[in-house]
Amino acid sequence: MNIRNYNIYFSTHTVSGIVISALLYIIFFAGSFSFFKKEISAWQKNESFSQQTLDPTVYAHFLDSLAAGYNLQGRDLSFYLQQQGLRGYVMISDSQDSIVNMQRGGVGASDSKYLVIDFLRNKTSDYATAYDLGEFLYRLHFLAPLNEIPIYMGIAPFGYFIAGLTAFLFLFALLTGLLLHWDKVKANFFVFRPFSKWKTVWTDMHTALGVIGFPYQFIFAVTGIILIINTVLLNPFAKVFYQGDMSKVQEAIENVHTYPLTYSYTKLEKTFDITSYIQLAQKKFPNSDLKKITIKNYGDQQMHIIMETEAPSKHRFSGAGILAIKIADGGILEEKSLAESSYIDAVKSIIYRLHFGDFGGYPIKVIYFILGVMGCFVILSGILIWLVARDKNNVIPRKRKFNFWVANVFMATCLSLLPVTALTFCIVKLAPEVNQQFIYRVYFNLWWVLALYYCIRRNINRTNRETLLLGAIASLTIPIVNGIKTDDWLISNFIKGRMDIFIVDFLWVVIGIVSFTVLYKLKEYKLSQP
């Protein structure tokens with residue numbers, strides 16, 4: 001490689017990596033836990049969804065109870081289902097009926113709702129009340145809490161924009177890093193010298209783990225960009241092919257399904273039983289999971305139901321089915337089986353499954369988790385290499401001091417995430433009532449206090465050791481706290497087949513043991529030095 005190209009790749013890789021390092025670490029750290037989002041939610045509530053089956057009549061009971069206290073006439077209802085349909089989110093739109101609107105206070109007043117439903121236990125709550133650690137870590141991994149900052153970037157809320165920009169710069173850092181080390185990839189692929197000086201250890205770690213994890217990180221960067229800022233990517237196509245009409249674009253890529261059935265102000269005479277339609281969809285599409293149910297023009301002659309299914313990964317890697325029926329006459333508006341899935345269905349399924357590790361069960365989730373943690377190590381080692389390379393006598397003291405403070409703040413902010421996350425798990429488990437505000441208050445207060453403390457300490461070595469120690473102790477405490485609180489211990493959950501709860505406790509035990517092992521090895525290394 002000629003020196004000019006080397007300098008270009010080196011500078012681009014260094015600058016793009018440094019700019020996004022802290023945000024990227026947060027995304028990787030929280031994202032690694034997000035693979036177990038459903039399991040963490042089950043663990044927090046001590047409500048296992050493993051081996052549970054759902055009676056479709058619960059949806060009818062929910063609609064009956066909802067209609068008893070809420071006029072559904074003319075509304076659109078969207079059910080977003082999770083956990084094999086056992087839990088989900090329900091969005092209820094404003095009514096299209098002007099009489100209903102007048103009864104609730106006029107056209108300008110909105111009474112739309114967004115509810116979180118546990119169909120298995122017949123529990124209904126709003127989003128903030130049902131908020132849990134699984135949802136928090138999932139949303140933290142694409143920086144959704146930053147949306148609270150009242151800044152709109154024109155294309156997305158502030159948090160989503162920053163996460164998308166970070167993913168885009170991460171892609172640059174990945175490609176330039178690979179080009180930078182391309183000539184030495186084959187010769188140094190298995191080179192790791194753990195007993196050399198620290199700069200050599202960090203350099204080997206950064207290069208080896210970066211190259212080994214490159215395919216995963218590349219997939220993560222590309223799919224992350226598509227999932228977070230897909231609107232930006234679609235805008236040029238919308239302007240050229242659809243005259244800027246994004247609704248037509250969404251329909252073209254099958255994100256929405258529309259039919260020429262507008263609200264008619266004619267009351268539906270037929271009795272609507274959602275159970276029979278769900279059973280029909282299950283009969284037409286066996287070996288599939290119901291993912292979304294949309295009811296349009298509720299209670300009107302033009303009322304219709306749209307049921308969307310998805311193939312479980314153990315049967316098909318991609319594929320989606322749809323069944324749309326007009327309620328008044330039972331006519332089928334659209335029917336598409338899993339075998340008839342389009343190219344768009346396949347692409348959307350592949351992007352989703354590759355990004356979230358939603359295939360292959362727990363073995364794939366564990367592999368994804370390990371690769372995500374490897375990404376954290378690559379980022380940490382990159383910052384330390386950057387610091388050591390600039391901590392030389394020929395660098396003026398003012399710049400050396402600034403470089404140290406950059407690395408010190410980064411390490412304090414990022415390394416404190418492990419003990420903060422583990423302590424939050426313990427606190428949330430013991431708290432009598434948990435909601436979104438409580439989780440935000442506990443997590444972010446612990447985080448800034450611990451990060452500020454280690455920033456003031458100004459000792460990166462001690463920051464590393466002490467956060468590892470705190471994280472290890474808190475990690476091993478989590479299964480104990482869970483056992484005392486619920487009387488369901490690690491082994492008992494495994495015996496009962498409550499695998500979603502067991503895997504969370506087991507994961508923290510492994511994290512605690514690994515953290516203590518790393519601490520022990522660090523101590524051995526320190527004692528072996530002259």
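Modeller: A salt bridge here means a side-chain nitrogen of Lys or Arg within 4 Å of a carboxyl oxygen of Asp or Glu. By that rule, a search of the whole structure finds 12 salt bridges. The model is predicted: local features need pLDDT of at least 70 and side-chain atom pairs count only at pLDDT 80 or more, while totals for chains, interfaces and linings use all residues. Residues are numbered from 1 along each chain as its sequence is written, and side-chain values use heavy atoms, with hydrogens and water left out.

Colleague: What makes Lys-45 and Asp-132 a salt bridge?

Modeller: Their closest N and O atoms are 2.8 Å apart, which is inside the limit, so the pair counts. The two come from distant parts of the chain, 87 residues apart: Lys-45 is in helix α2 (residues 37-45) and Asp-132 is in the loop between α5 (127-130) and α6 (133-140). Helices are DSSP runs of H or I with at least four residues, strands are runs of E with at least two, and both are numbered from the N terminus.

Colleague: Why is Lys-45 called partly exposed?

Modeller: Buried means under 20% relative accessible area, exposed means over 50%, and partly exposed lies in between (1.4 Å probe, protein chains only). Lys-45 has 31% relative accessibility, so it falls in the middle class. Its partner Asp-132 has 3% and is therefore buried.

Colleague: What does the pair Glu-335 and Lys-284 tie together?

Modeller: The closest N and O atoms of Glu-335 and Lys-284 are 3.3 Å apart, and they form a salt bridge. Glu-335 lies in strand β8 (residues 332-336) and Lys-284 in helix α13 (residues 274-284), so this pair ties together parts that are 51 residues apart in sequence. Glu-335 is partly exposed, at 40% relative accessibility, and Lys-284 is also partly exposed, at 34%.

Colleague: How do you know that Asp-488 and Arg-498 form a salt bridge?

Modeller: Their closest N and O atoms are 3.4 Å apart, which the cut-off allows, so they count as a salt bridge.

Colleague: Are Asp-488 and Arg-498 buried or exposed?

Modeller: Asp-488 has a relative accessible area of 9%, so it is buried. Arg-498, at 17%, is therefore buried by the rule as well. Elsewhere, salt bridges that share partners join Glu-310, Arg-353 and Asp-358 into one network.

Colleague: What makes β1 and β5 a pair?

Modeller: Two strands pair if DSSP finds at least two bridges between them. Strand β1 (residues 77-82) and strand β5 (residues 289-296) have four, in the antiparallel sense, so the condition is met. Among the bridge partners are Ser-78 and Thr-294, the latter in β5. Strand β5 also runs antiparallel to strand β6 (residues 304-310), joined by seven bridges. There, Ile-293 has Met-307 of β6 as its bridge partner.

Colleague: Why is Asn-403 called buried?

Modeller: Asn-403 has a relative accessible area of 10%, so it is on the buried side of the limit. Asn-403 belongs to helix α16 (residues 397-415). Apart from neighbours within four places in sequence, Asn-403 is in contact (heavy atoms within 4.5 Å) with Trp-386, Leu-387 and Arg-390.

Colleague: Which residues make the nonpolar surface patch?

Modeller: Trp-448, Val-449, Leu-452 and Ile-456 make a patch of about 420 Å². Leu-452, in helix α18 (residues 436-457), has a relative accessible area of 41% and is therefore partly exposed.

How values were computed
Patches are made of residues with over 30% relative accessible area and no salt bridge: like charges are joined within 9 Å, nonpolar side chains (Val, Leu, Ile, Met, Phe, Trp, Tyr) within 5 Å. Accessible areas come from the Shrake-Rupley method with a 1.4 Å probe; for residues, only the protein chains shown count as cover.
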